[in-house]
Amino acid sequence: WERVPADGVDQESCCPMRFLLKWKMKSGKRVANARVLYLGFKHRDVLEKALDKNAQTLSRTARNFVMATCAQCGWKVLTADVKGAFMQTDGDLQEKDMHLYGTPTGEKKRRLARLMGLQANELLRMKKPPFGDVRSPKLWSNTVRKAMTEMYFYEHRLDACLYMSYK
């Protein structure tokens with residue numbers, strides 16, 4: 001997040017924000033864990049269906065192909081989960097010409113003024129994909145595609161989530 005002047009920002013491109021506050025126990029102490037959530041489903045471009053936000057998912061056919069190949073070759077099947085994957089995408093949103101602005105109001109604005117010095121005439125611009133951005137799955141998919149091609153894996157023609165290597 002970065003603070004930007006509200007002047008010159010189209011107010012229709014702004015989205016509301018919320019706080020998520022959870023309390024966790026760490027070493028016997030109660031510790032606050034807070035996140036700012038961007039309500040991306042209320043963004044003008046989402047409502048007008050102007051965004052490319054769809055990400056591929058592995059088809060049942062591709063999954064069965066992988067399982068059958070592993071069973072036939074005697075390979076072990078492992079799975080993994082990338083915690084916070086949607087927030088781990090490459091690059092700055094501004095470099096990709098994506099400008100997302102959050103408009104905190106009321107109590108949220110007072111908290112952000114105290115925590116990060118947010119002024120009354122300022123908005124927040126997201127630098128990385130925020131929690132709640134509807135484009136996050138697509139951006140994550142693009143990041144995975146880039147990483148796999150750098151490791152000489154190729155996208156299968158029939159399923160964009162199946163990568164193969166001939167090396």
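Partly exposed, as used in these legends, means a relative accessible area between the buried limit of under 20% and the exposed limit of over 50%. By that rule arginine 145, at 23%, counts as partly exposed. Please keep in mind that all the views below show a predicted model.

**View 1. Glutamate 122 sits in strand S5 with little of its surface accessible to the probe****.** Strand S5 covers residues 122-125, and glutamate 122 belongs to this strand. Its relative accessibility is 12%, so glutamate 122 counts as buried, the cut-off being under 20%. Leaving aside residues up to four places away in sequence, glutamate 122 touches Arg3, Val4, Pro5, Ala6, Lys109 and Gly117. Proline 5 deserves a look here: glutamate 122 and proline 5 are 117 residues apart in sequence, yet their C-alpha atoms are 4.5 Å apart in space.

**View 2. The side chain of glutamate 122 meets arginine 3 and the backbone of glutamine 119****.** Zoom in on the side chain of glutamate 122, and you will find a polar contact of 3.1 Å to the side chain of arginine 3. The side chain of glutamate 122 also reaches the backbone nitrogen of glutamine 119, at 2.8 Å.

**View 3. Glutamate 122 and arginine 3 form a salt bridge between two strands****.** The closest N and O atoms of this salt bridge are 3.1 Å apart. Because glutamate 122 lies in strand S5 and arginine 3 in strand S1 (residues 2-5), the pair ties together parts that are 119 residues apart in sequence. The two partners differ in accessibility: glutamate 122 is buried at 12%, whereas arginine 3 is partly exposed, with a relative accessible area of 40%. The count for the model comes to 2 salt bridges, and the next view turns to another pair.

**View 4. Arginine 145 and glutamate 155 form a salt bridge between a helix and a strand****.** Here the closest N and O atoms are 2.4 Å apart. Arginine 145 belongs to helix H4 (residues 136-150) and glutamate 155 to strand S6 (residues 154-155), so that the pair links distant parts of the chain, 10 residues apart. Both partners are partly exposed, arginine 145 at 23% relative accessibility and glutamate 155 at 34%.

**View 5. Tyrosines make up a nonpolar patch on the surface****.** The members of the patch are Tyr152, Tyr154 and Tyr166, and together they have about 410 Å² of accessible area. Tyrosine 152 is found in the loop between H4 and S6. With a relative accessible area of 48%, tyrosine 152 is partly exposed.

Terms used
Residues are numbered from 1 along each chain as its sequence is written. This is a predicted model: local features need pLDDT of at least 70, side-chain atom pairs count only at pLDDT 80 or more; totals for chains, interfaces and linings use all residues. Side-chain values use heavy atoms; hydrogens and water are left out. Helices (H or I, at least four residues) and strands (E, at least two) are DSSP runs, numbered from the N terminus. Buried means under 20% relative accessible area, exposed over 50%, partly exposed in between (1.4 Å probe, protein chains only). Contact means heavy atoms within 4.5 Å. A polar contact is a pair of N or O atoms within 3.5 Å; within protein, one must be able to donate a hydrogen and the other to accept it, and residues adjacent in sequence count only if both atoms are side-chain atoms. A salt bridge is a side-chain nitrogen of Lys or Arg within 4 Å of a carboxyl oxygen of Asp or Glu. Patches are made of residues with over 30% relative accessible area and no salt bridge: like charges are joined within 9 Å, nonpolar side chains (Val, Leu, Ile, Met, Phe, Trp, Tyr) within 5 Å. Accessible areas come from the Shrake-Rupley method with a 1.4 Å probe; for residues, only the protein chains shown count as cover.
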